[in-house]
Amino acid sequence: MVHDTQDTVLEVVNLKKYFQFGRRAVLKAVDDVTFSVRKGEVFGLVGESGCGKTTVGRTIVGLYSPTGGKVLYKGEDTSRLKGAEVKKFKRRVQMIFQDPYASLDPRMTVGDIIGEALDIHRLARGKERLARIHELLNIVGLSAEHASRFPHEFSGGQRQRIGIARALAVDPEFIVADEPISALDVSIQAQVVNLLSRLREERGLTYIFIAHDLAMVKHLSDNVGVMYLGRLVELAPSAELYKNPLHPYTQGLLSAIPIPDPRVERERKRIVLEGEVPSPVNPPKGCKFQTRCRHAKPVCREEDPKLKPVAPGHFAACHLY
Amino acid sequence: MAGERLLDVKNLEVSFYTYAGKVHAVRGVSFHVNRGETLAIVGESGCGKTVSVQSTIKLIPMPPGKIEGGTVLFDGKDLTAMSDRDLQSVRGAEIGVIFQDPMTSLNPTMTVGRQITEGLIKHQRLSAQEAKRRAIEMLSLVEIPNPKERFRQYPHQFSGGMRQRVMIAIALSCNPKLLIADEPTTGLDVTIQAQILDLMKSLQTKLDTSIILITHDLGVVSKLADRIVVMYAGKVAEAGTSEDIFYNALHPYTQALLKSVPRLHEETKRELLAIPGTPPDLFVPPKGCAFAPRCSYAMRVCLDHQPGDFAAGGSHTVACWLMDPRAAHVRERHAGRAEDAGARGGAS
């Protein structure tokens, strides 16, 4: 297993999430994914569109119920929580959404968007509620006067800050950030990423950071999981993964990212991934990556490799190892 | 041939007249593209990079848009003085365009084949049969498997990456001298992006086309560009060769932009430099330098007077008052600070 230490807060065990399409087609968005997250760490989840990374995040916070497997938060199975326990769990685990334009109700003031969480969990009322909203706005770098405004009056970066303030309102321990910066301009991305780092230090937060921008994931994360077609194909400490990628998919993915430095870019050896990701409704037999893999052997077409330890703390799901 | 310049844009001014008032989107922009080279125009959303380039061939909606000044010389012809009819023989024939969104820029009701042959029949006056042969040739040139079958299919039968290949085939079908690629890989996954960029690079050498690459992604720029124009708030902040911009950036905005992105090959973690604040509202263009309110080196002159273009050796130009000889002492004082600017950062 991936974890052993006492300070594990989240365990995702053999998680499956299938979506039914029509009568016969089943989309296996997440298929048997296992990993764990320690307290205070940033766990990065990367992969291309359709790999299931967002579905993992949504299933963890309870927006989807798992088809199979379980999510354990501090040892408790989150799908078995009832009534008040659910509410308590949702106070501890919050989500920041990808699209800062679609995830804020345009008819609510910013103050009410942030205050709604306080109301639901009965955390503050009246003057105290207002003071708390102002405090939250300050924490994310906005000002108190913004509370009476509406989302459309803000830029993308500011909206993402509002989304972060809303997540922080219930004083969570754990945040699932689903592509929190991909809709933002680069100079603004740095603002939001630095804010997330600062909040982690100040409040001891734990993050799952879901993104397709591998450079940003490397920058922010302690451990990184790489997903492909619903599977976790590699899992390693961030520096190790980038220095020594083991899975052919990870190697191709890293090699595909252009580096903003022409001299380095010119001298880089490239591993080109041919073709495209197959349809998740009808994935290939055996290893899901075999159709694009340079090293595919007969066994890869038959048997789906399991995630196994290859080096200390470094796991890969590949028949090469 | 008069010089190396294929496209020469001077003092372009473009505004949009909206209900909320006039937006001065492009405020005196000059740039040029040499034959056979790739010019990248870089900047964040709303900086005017797309409008500047699309205005040169009048692709912006008019109204509300209006080209209010400037000249555009393409291959010796003044495009601004051309009638719409004459311009039509340039667009698509001599200048090809790839748009950002391959999902919406192809016509869903027409087969891919017809969309490629359309230009060939109109501009090159090929017969339907010749056009078809050429279109299939183009499809295999952009490395689409089974081009003969693909010719008869509709855009929805193609993936995002394949659609972008079709767009490239359409844009290049008439052998244009200039290809405008507006965020050609935004929205594509990185492994597909790498394929498309490789394809563009190899086609450029094969067909000897000049490229204007509009993008916000500095990684993509470093891979393709020979020269770079950095835009901010409707103006050119800095221009130069790829080496000038990546290794000797002199404008504080360019410097900050380069420090705000993490780099995959770096081993150490440094804090990203966040540029505080947001770009100005071009409904009310700033009196002085547009970057001054966000600039950590801003001087009093920056707030009241717009800087001109200062030459910085070769084709390198910088629109910043720090380049003025009278600001030499400020520049020196900041030289040390710029080094550790990467360590500062922090949210605004």
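1. Start with the sheet in chain B of this predicted model. Eight strands make an open sheet there, ordered β6-β7-β8-β3-β9-β10-β12-β11, and the pairing is mixed. The edges belong to β6 (95–98) and β11 (310–311) of chain B; each has a single partner strand, so one side of each is left without a neighbour in the sheet.

2. Inside that sheet, look at β3 (residues 38–42) of chain B and β9 (residues 227–232) of chain B. The two run parallel and are joined by four bridges. If you want a landmark for the register, L39(B) sits opposite R227(B) in β9(B).

3. Chain A has its own open sheet of eight strands, in the order β6-β7-β8-β3-β9-β10-β12-β11, again with mixed pairing. Its edge strands are β6 (93–96) and β11 (308–311) of chain A, and each of them pairs on one side only. On average, neighbouring strands of this sheet are turned by 20 degrees against each other, ignoring direction.

4. β3 (residues 42–46) of chain A deserves a closer look. How many of its residues are buried? Five of its five, so far as the burial count goes, which puts β3(A) down as mostly covered. In a regular strand, side chains alternate between the two faces of the sheet. Here both faces of β3(A) are covered: V42(A), G44(A) and V46(A) are buried on one side, and F43(A) and L45(A) are buried on the other.

5. The neighbours of β3(A) are easy to trace. With β8 (residues 206–211) of chain A, β3(A) shares five bridges and runs parallel; G44(A) faces F209(A) there. With β9 (residues 223–228) of chain A, the pairing of β3(A) is also in the parallel sense, over four bridges, and V46(A) stands opposite V226(A). Going on from β8(A), the strand β7 (residues 174–178) of chain A is joined to β8(A) by five bridges, the two running parallel. A177(A) is the residue of that pair to find, opposite F209(A) in β8(A). That puts F209(A) opposite G44(A) in β3(A) and opposite A177(A).

6. Two helices of chain A lie across this sheet. α5 (residues 156–168) of chain A crosses over β6 and β7 of chain A and runs at about 175 degrees to β6(A). α9(A) lies across β9 and β10 (231–237) of chain A, at about 100 degrees to β9(A).

7. Back in chain B, the helix α1 (residues 49–56) is mostly covered, with seven of its eight residues buried. The buried ones are K49(B), T50(B), V51(B), S52(B), V53(B), S55(B) and T56(B). Just past the end of α1(B), K58(B) has a positive phi of about 50 degrees.

8. There is also a helix pair within chain B to check. The axes of α3 (residues 112–123) and α6 (residues 160–172) of chain B come within 8 Å and cross at roughly 20 degrees. That angle is under the 35-degree cut-off, which makes α3(B) roughly parallel to α6(B). Their crossing is right-handed. From α3(B), the residues V112(B), Q115(B), I116(B) and G119(B) meet V166(B), A169(B) and I170(B) of α6(B). By class, this contact has five nonpolar, two polar and no charged residues. An α-helix has 3.6 residues a turn, so residues three or four places apart point the same way.

9. Now the contact between the chains. It takes 38 residues from chain B and 36 residues from chain A. On the chain B side, the elements giving two or more residues are α7 (190–207), α8 (218–224), α9 (242–247) and α10 (252–259) of chain B. The residues on that side divide into 17 nonpolar, 15 polar and six charged.

10. One helix pair across the two chains is worth pulling up on screen. α9 (residues 248–256) of chain A and α7(B) pack at about 55 degrees, with their axes 8 Å apart. How do they lie to each other? α9(A) and α7(B) are oblique, and their crossing is left-handed. G252(A), L253(A) and A256(A) of α9(A) meet V190(B), T191(B), Q193(B) and A194(B) of α7(B). That contact has four nonpolar, three polar and no charged residues. α9(A) is also the helix lying across β9 and β10 of chain A.

Notes
Residues are numbered from 1 along each chain as its sequence is written. Chains are lettered from A and ligands numbered from 1 in the order in which they are written. This is a predicted model: local features need pLDDT of at least 70, side-chain atom pairs count only at pLDDT 80 or more; totals for chains, interfaces and linings use all residues. Axes are lines fitted to C-alpha atoms, for helices over the stretch in contact, and angles run from 0 to 180 degrees between N-to-C directions. Angles under 35 degrees count as roughly parallel, over 145 as roughly antiparallel, 65 to 115 as roughly perpendicular and the rest as oblique. A crossing is left-handed if the near helix is turned anticlockwise from the far one by less than a right angle, and right-handed if clockwise. Two residues are in contact if their C-beta atoms, placed from the backbone, lie within 7 Å. Ala, Val, Leu, Ile, Met, Phe, Trp, Tyr, Cys and Pro count as nonpolar, Asp, Glu, Lys and Arg as charged, and the others, Gly among them, as polar. A residue is buried if 20 or more other C-beta atoms lie within 10 Å of its own, exposed if 12 or fewer, and partly exposed in between; C-beta atoms are placed from the backbone. Two strands pair if DSSP finds at least two bridges between them.
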